[in-house]
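Student: Could we go through this model step by step, with a reason given for each answer?

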Amino acid sequence: MITFDNFHDSDFHHETYDDNDPTKGAQSLLEWAYQTYDDSLVYACSFGAESMVLIDLIAQTKPDAKLAFLDTGLHFQETYDLIEEVKQRYPSLQITFKKPELTVDEQREKHGAALWSRNPDQCCYIRKVKPLEEVLSGATAWISGLRREQSPTRANTNYINKDERFQSVKVCPLIHWTWDDVWGYIEEHQLPYNALHDQNYPSIGCIPCTSPVTGEGDERSGRWSNSQKTECGLHIAPSS
């Protein structure tokens, strides 16, 4: 088994795929990942558009795969509605709702109201990063839906990544997929998706920090708009 300690970038620096592969390497990578890590592989799932593609591909590879949803307590109702649809369509998947140590009310009492506005990095750490640390404490590797096209901070993502943030191996099957690829797959396979995508929300997170995208801007420009923040911290090394 490949572990974080014996991971070598040169051994797993995969960037190409067979042009005849409609999944652009995603399916074969998932097959390799589950053969390599089996139950020690977790998909940290946001239930965005990319998630629906990955869920469908994962279900074909390992129907009882483990999924972890970081339930911040601040998600849109549409996100919870979608999760119920996913449970119905893929009943064998093991979906865990991982909640933060503090409820939203407890966070307000300890750190003051609307922490996401005053210190969004701290809020993300409490509600997303720390919970994922706990999820991955018992896992060797995790799956992420990062795509190179999404934003400049994700442009150099590889299929297999040494994740210094969580001392884990991060598997990213969709790095070569475009936004059109994602929606083409969703439409072709008639997959459920978050209703907010039809309201100009290409990237959906917590309610206070997610806005619809209008005009120019990348797919994630509706996240933490009017601030310099571009990532919640899950995909940033500790030194960043």
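Tutor: Yes, and please keep in mind that this is a predicted model. We can start with a residue in the segment after H7, namely Thr 210.

Student: Is Thr 210 buried or exposed?
Tutor: Thr 210 lies in the segment that follows H7. Its relative accessible area is 6%, and a residue counts as buried when that value is under 20%. Because 6% falls under that cut-off, Thr 210 is buried.

Student: Which backbone atom does the side chain of Thr 210 reach?
Tutor: The polar contact runs from the side chain of Thr 210 to a backbone atom, at a distance of 3.1 Å. The partner atom is the backbone nitrogen of Gly 205.

Student: In what order do the six strands of the open sheet run?
Tutor: The pairing in this sheet is mixed, and neighbouring strands are turned by 30 degrees against each other on average, direction ignored. E3 and strand E5 (160-163) each pair on one side only, which makes them the edge strands. Read from one edge to the other, the order is E3-E2-E1-E4-E6-E5.

Student: Which residue in E4 stands opposite Tyr 43?
Tutor: E1 and E4 pair in the parallel sense over three bridges. Opposite Tyr 43, the residue in E4 is Ile 143.

Student: Which helix gives the largest share of the largest nonpolar core?
Tutor: This core holds 44 residues, of which Phe 47, Ile 55, Leu 67 and Ile 143 touch the most other members. Among the elements that give two or more residues to the core are helix H1 (26-37), helix H2 (49-61) and helix H3 (77-89). One of these helices packs on the sheet, touching E1, E2 and E4, and its direction makes about 150 degrees with that of E1. The largest share, eight residues, comes from H2.

Student: Which residue with a polar side chain, Asn, is in contact with Phe 47 beyond its neighbours within four places in sequence?
Tutor: Leaving those neighbours aside, the contacts of Phe 47 include Ile 55, Leu 67, Phe 69, Leu 82, Ile 83, Val 86 and Ile 95. The Asn in contact with Phe 47 is Asn 194.

Student: Is Gln 94 buried, partly exposed or exposed?
Tutor: Gln 94 belongs to strand E3 (residues 94-98), and it touches Asp 64, Ala 65, Lys 66 and Leu 67, not counting residues up to four places away in sequence. Gln 94 and Lys 66 are 28 residues apart in sequence, yet 4.8 Å apart in space, C-alpha to C-alpha. Because its relative accessibility is 38%, Gln 94 counts as partly exposed.

Notes:
Residues are numbered from 1 along each chain as its sequence is written. This is a predicted model: local features need pLDDT of at least 70, side-chain atom pairs count only at pLDDT 80 or more; totals for chains, interfaces and linings use all residues. Side-chain values use heavy atoms; hydrogens and water are left out. A nonpolar core is a set of buried Ala, Val, Leu, Ile, Met, Phe, Trp, Tyr and Cys residues joined through side-chain atoms within 4.5 Å. Buried means under 20% relative accessible area, exposed over 50%, partly exposed in between (1.4 Å probe, protein chains only). Helices (H or I, at least four residues) and strands (E, at least two) are DSSP runs, numbered from the N terminus. Contact means heavy atoms within 4.5 Å. A polar contact is a pair of N or O atoms within 3.5 Å; within protein, one must be able to donate a hydrogen and the other to accept it, and residues adjacent in sequence count only if both atoms are side-chain atoms. Two strands pair if DSSP finds at least two bridges between them. Axes are lines fitted to C-alpha atoms, for helices over the stretch in contact, and angles run from 0 to 180 degrees between N-to-C directions.
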